[in-house]
Amino acid sequence: MDRRTYHLPKAVYYQCIWIVKDMDRMQRLAAVAETGFRDNEIVFFEIDEDAIENKEVLEQARFKLGCIKRALEEIPHEYRCGLIASISEGLPYAGIAHDNTWRRWRKIFIRHLASELFLI
């Protein structure tokens, strides 16, 4: 199948979008995992959704963050922050390039992310 004519399935595209939208929570989980709490410690969280009940969730968060990082490495440096801000917060693209350029890099980023996540 020619890569230029292949389109991601909508379900895969939206999975990638929501993973990027969930980056802040995953970064908090990864930070908590890095502190290395022991099993006998009691940990209180400001936000209940940050409570960790399953260590597999931490590993999945780390894996997904790694996938995002590797997919971003395929994008020129000047577009990375703008792409993430646009996807996760709905911010408009910066004026450094035409909207078509931003859409092209977004498409490339999502395709690489889907590949890194083993969705395609």
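This is a short tour of a predicted model, moving from its nonpolar core out to its aromatic rings.

**Stop 1: the core**

Start by selecting Val20, Ile68, Phe109 and Leu113. These are the residues with the most contacts inside the largest nonpolar core, which has 30 residues. Now colour the helices α1 (10-21), α2 (23-35), α3 (55-72), α4 (77-89) and α5 (99-116): each of them supplies at least two residues of this core. Which helix gives the largest share? That is α3, with seven residues.

Stay with Val20 for a moment and show what surrounds it. Setting aside neighbours within four places in sequence, Val20 is in contact with Ile68, Ile84, Ile87, Ser88, Phe109 and Leu113. You will recognise Ile68, Phe109 and Leu113 from your opening selection.

**Stop 2: a buried arginine**

Next, select Arg106, which you will find in helix α5. Is Arg106 buried or exposed? Arg106 is buried, yet it has no salt bridge. Look for the nearest side chain of opposite charge and you will arrive at Asp99, 10 Å away. What does Arg106 touch instead? Not counting residues up to four places away in sequence, the list is Tyr13, Ile17, Leu83, Ser86, Ile87 and Tyr93.

One of those partners, Ser86, deserves a click of its own. Ser86 sits in helix α4 and has a relative accessible area of 12%, so it counts as buried. Beyond its neighbours within four places in sequence, Ser86 is in contact with Leu91, Tyr93 and Arg106. Tyr93 therefore appears in the contact lists of both residues, Arg106 and Ser86.

**Stop 3: pairs of rings**

Now show the aromatic side chains. A pair of aromatic rings is described by the distance of the centres and the angle of the planes. How many aromatic pairs are there? The count comes to five.

Zoom in on Tyr13 and Tyr14. Their ring centres are 5.1 Å apart and their planes stand at 80 degrees; an angle over 60 counts as edge-to-face, so that is what this pair is. Both are partly exposed: Tyr13 has a relative accessible area of 26%, and Tyr14 is at 44%.

For another arrangement, select Phe63 and Phe118. Here the centres are 6.3 Å apart and the planes are at 10 degrees, so the pair is stacked. Phe63 belongs to helix α3 and Phe118 to the segment after α5, so the pair ties together parts that are 55 residues apart in sequence. Phe63 is partly exposed at 36% relative accessibility, whereas Phe118 is exposed at 68%. While Phe118 is selected, check its backbone: phi is near 60 degrees, a positive value in a residue other than glycine.

**Stop 4: a cluster and two charges**

Select Tyr79, Tyr93, Trp102 and Trp105 together, and you have one aromatic cluster. Tyr93 is the residue you met beside Arg106.

From the cluster, pick out Trp105 and add Arg104. Arg104 lies over the face of Trp105, at 4.7 Å from the ring centre. Finish with Trp18 and Lys21: the charged end of Lys21 sits over the ring of Trp18, 5.3 Å from its centre.

Technical notes. Residues numbered from 1 in each chain as written. Predicted model: local features only at pLDDT ≥ 70, side-chain atom pairs only at ≥ 80, totals over all residues. Heavy atoms only, no water. Core = buried A, V, L, I, M, F, W, Y, C linked by side-chain atoms within 4.5 Å. Buried < 20%, exposed > 50% of the residue type's maximum accessible area, 1.4 Å probe, protein only. Helix = DSSP H or I, 4+ residues; strand = E, 2+ residues; numbered from the N terminus. Contact = heavy atoms within 4.5 Å. Lys, Arg positive; Asp, Glu negative; His and termini not counted. Salt bridge = Lys/Arg side-chain N within 4 Å of Asp/Glu carboxyl O. Phe/Tyr/Trp six-rings, centres within 6.5 Å; stacked < 30°, edge-to-face > 60°. Lys NZ or Arg CZ within 6 Å of the ring centre and 35° of its normal.
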